[in-house]
Amino acid sequence: MPVDDDATETQRRPRKEKSLLARALGYLARREHSRAELARKLTPHAESTDQLKRLLDDLEAKKLLSDRRFTEVLARSRGERFGAARVKQELRSRGINDSLAREAVADLAQTEFQRAREVWRRKFDAPPADAAERARQMRFLAQRGFSAEVIRRVVGGRGED
């Protein structure tokens, strides 16, 4: 079969480089991002730090980028499966300031026992038969970021409010 030189030429052409704004909007269209997270992703593509800062400021002014909204979304989605400590650590790792993280965790702390009991019920649904099983169940909840007191109440069967 003869090779069409025009077709192979178009396949070899590099794609046009996306603008910084287009990249930012693409990331934000997929999911919420914190300012620090978006800055980290866009830094390799920015011509200067000033350009990046102006873009992020503009996105915040247009309410397309919001650390508060990101915090609420992450706390709500992770809070179903994880404890307040784990959610707080994840927020910090994503560049959320301590005051916003504390606010989100304070809301989660109010329902921590109920959430821990539900996570435990889905995984085990039976009191531990021996000390080894009790330790395993407690480790599971601890890895999920629930507090020690809540873990003792859930695994021990106390606090069936």
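Leaving aside neighbours within four places in sequence, which residues is Phe70 in contact with? The answer is given in point 3, after the overall fold of this predicted model.

1. Overall architecture. The model is predicted. The protein chain has ten helices and zero strands, and its pattern along the sequence is accordingly α-α-α-α-α-α-α-α-α-α. Of its 161 residues, 33% count as buried. Among contacts between residues at least 6 apart in sequence, 55% join residues at least 24 apart. The chain exposes about 10600 Å², and carbon and sulfur atoms supply 49% of that area.

2. Nonpolar core. The largest nonpolar core has 13 residues, and those touching the most other members are Phe70, Leu74, Ala75, Val87, Leu91, Ile96 and Leu108. Two or more residues come from each of H5, helix H6 (84-93) and H7. H7 gives the most to this core, with five residues. As a general background, nonpolar side chains in soluble globular proteins tend to be buried together.

3. Phe70. Setting aside neighbours within four places in sequence, Phe70 is in contact with Arg31, Glu32, His33, Ser34, Glu37, Leu91, Arg94 and Ile96. Among these partners, Leu91 and Ile96 are listed with Phe70 as core residues that touch the most other members. Another partner, Glu37, is one of the buried residues of helix H3.

4. Helix H3. This helix spans residues 35-42, and its buried residues are Glu37, Leu38, Ala39 and Leu42. These buried residues pack against helix H2 (20-30), H4 and H5.

5. Glu112. This residue is found in helix H8, which covers residues 112-123. Is Glu112 buried or exposed? Glu112 counts as buried because its relative accessible area is 6%, under the 20% cut-off. Its side chain reaches the backbone nitrogen of Ser147 at 2.9 Å. Not counting residues up to four places away in sequence, Glu112 touches Gly83, Ala84, Gly145, Phe146, Ser147 and Val150. Ser147 therefore appears both as a polar partner and in the list of residues touched, contact being heavy atoms within 4.5 Å.

6. Glu149. Helix H10 (residues 148-156) contains Glu149. Glu149 counts as partly exposed because its relative accessibility is 38%, which falls between the 20% and 50% limits. The C-alpha atoms of Glu149 and Phe113 are separated by 9.2 Å, although these residues are 36 residues apart along the chain.

7. Ser99. Helix H7 covers residues 98-109 and includes Ser99. At 43% relative accessibility, Ser99 is classed as partly exposed. The side chains of Ser99 and Asn97 are joined by a polar contact of 3.0 Å. H7 is also the element that gives the most residues to the largest nonpolar core.

8. Surface patch. Which residues make the nonpolar surface patch of about 230 Å²? The patch is made by Leu21, Leu25 and Leu64. Leu64 lies in the loop between helix H4 (49-61) and helix H5 (67-79). With a relative accessibility of 38%, Leu64 counts as partly exposed. This value meets the patch criterion, because residues with over 30% relative accessible area and no salt bridge are the ones considered.

Methods. Residues numbered from 1 in each chain as written. Predicted model: local features only at pLDDT ≥ 70, side-chain atom pairs only at ≥ 80, totals over all residues. Heavy atoms only, no water. Helix = DSSP H or I, 4+ residues; strand = E, 2+ residues; numbered from the N terminus. Buried < 20%, exposed > 50% of the residue type's maximum accessible area, 1.4 Å probe, protein only. Polar contact = N/O pair within 3.5 Å; in protein donor to acceptor, adjacent residues only side chain to side chain. Areas by Shrake-Rupley, 256 points an atom, 1.4 Å probe, with all protein chains shown as cover. Patch = residues over 30% accessible without salt bridge, like charges linked within 9 Å, V, L, I, M, F, W, Y side chains within 5 Å. Salt bridge = Lys/Arg side-chain N within 4 Å of Asp/Glu carboxyl O. Core = buried A, V, L, I, M, F, W, Y, C linked by side-chain atoms within 4.5 Å.
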